[in-house]
Structures are given as structure tokens and as C-alpha cells.
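Work through the exercises below with the sequence and the structure side by side, and try each task before reading its solution.

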Amino acid sequence: GNLIFKGTARNFNSLMCGAAKVTVVEVEELVEPGELDPNQIHIPGIFVQRIFEGKNYEKRIEKRTIREK
């Protein structure tokens, strides 16, 4: 149940996990115990009650586009 967040997800997700009565987490990837560096963990497993592994993520990247005249 230990979690590591990427990018701006680190801003408020850790605070919400600590404040919530029940934390349900949708993760991109599940790893075996011991694969994560303990110094890099943002949320310890004690705060996570449910884990759901999402499939077929579509990574949308915003791109600035300009219109030619």
C-alpha cells in the first residue's frame, strides 16, 4: 500500500490520504514488496485501505497549438 506520486500529484494527495477515513487508490502499476526505495515513499501503506489497478491509461499531454493566418 505504499505510494509514490509523480509531478504535481504530490501537492495535495498526501494531505488528503492522511485526512480521509477511507483511502481508495487507483494506481498505474503495482510492484512487489521491497521494490520501492523507502526514502522515496510519499504515503505509507497504513493510510491505504483499498487498491485498484487501472488499465489502458491514455496519457494526454497538453500541447500549445497556434493557428496560422
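**Exercise 1.** How many bridges join strand E1 to strand E2, and do the two run parallel or antiparallel?

*Solution.* In this predicted model, E1 covers residues 24-27 and E2 covers residues 50-53. The two strands run parallel and are joined by four bridges. Within this pairing, Glu-26 has Phe-52 of E2 as its bridge partner.

**Exercise 2.** Determine which side chains of E1 are buried, and follow one of them into the nonpolar core.

*Solution.* Begin with the alternation along E1: Val-25 and Val-27 point to one face and are buried, whereas Val-24 and Glu-26 point to the other face and are not. Next, look for the buried pair in the largest nonpolar core, whose seven residues are Leu-3, Phe-5, Cys-17, Val-25, Val-27, Ile-43 and Val-48. Finally, take Leu-3, which lies in the segment before H1 and counts as buried because its relative accessible area is 8%, under the 20% cut-off. Leu-3 touches residues including Val-25, Val-27 and Val-48, and the C-alpha atoms of Leu-3 and Val-25 are 9.0 Å apart although 22 residues separate them along the chain. Val-25 in turn has contacts that include Arg-50, Ile-51 and Phe-52.

**Exercise 3.** Decide whether Phe-12 is buried or exposed, and identify the patch to which Phe-12 belongs.

*Solution.* Phe-12 is located in the segment before helix H1 (13-19). Phe-12 counts as exposed because its relative accessibility is 58%, and the cut-off is over 50%. Together with Leu-15 and Met-16, Phe-12 forms a nonpolar surface patch with about 370 Å² of accessible area.

Conventions
Residues are numbered from 1 along each chain as its sequence is written. This is a predicted model: local features need pLDDT of at least 70, side-chain atom pairs count only at pLDDT 80 or more; totals for chains, interfaces and linings use all residues. Side-chain values use heavy atoms; hydrogens and water are left out. Patches are made of residues with over 30% relative accessible area and no salt bridge: like charges are joined within 9 Å, nonpolar side chains (Val, Leu, Ile, Met, Phe, Trp, Tyr) within 5 Å. Accessible areas come from the Shrake-Rupley method with a 1.4 Å probe; for residues, only the protein chains shown count as cover. A salt bridge is a side-chain nitrogen of Lys or Arg within 4 Å of a carboxyl oxygen of Asp or Glu. Buried means under 20% relative accessible area, exposed over 50%, partly exposed in between (1.4 Å probe, protein chains only). Two strands pair if DSSP finds at least two bridges between them. A nonpolar core is a set of buried Ala, Val, Leu, Ile, Met, Phe, Trp, Tyr and Cys residues joined through side-chain atoms within 4.5 Å. Contact means heavy atoms within 4.5 Å. Lists of a residue's contacts leave out its neighbours within four places in sequence.
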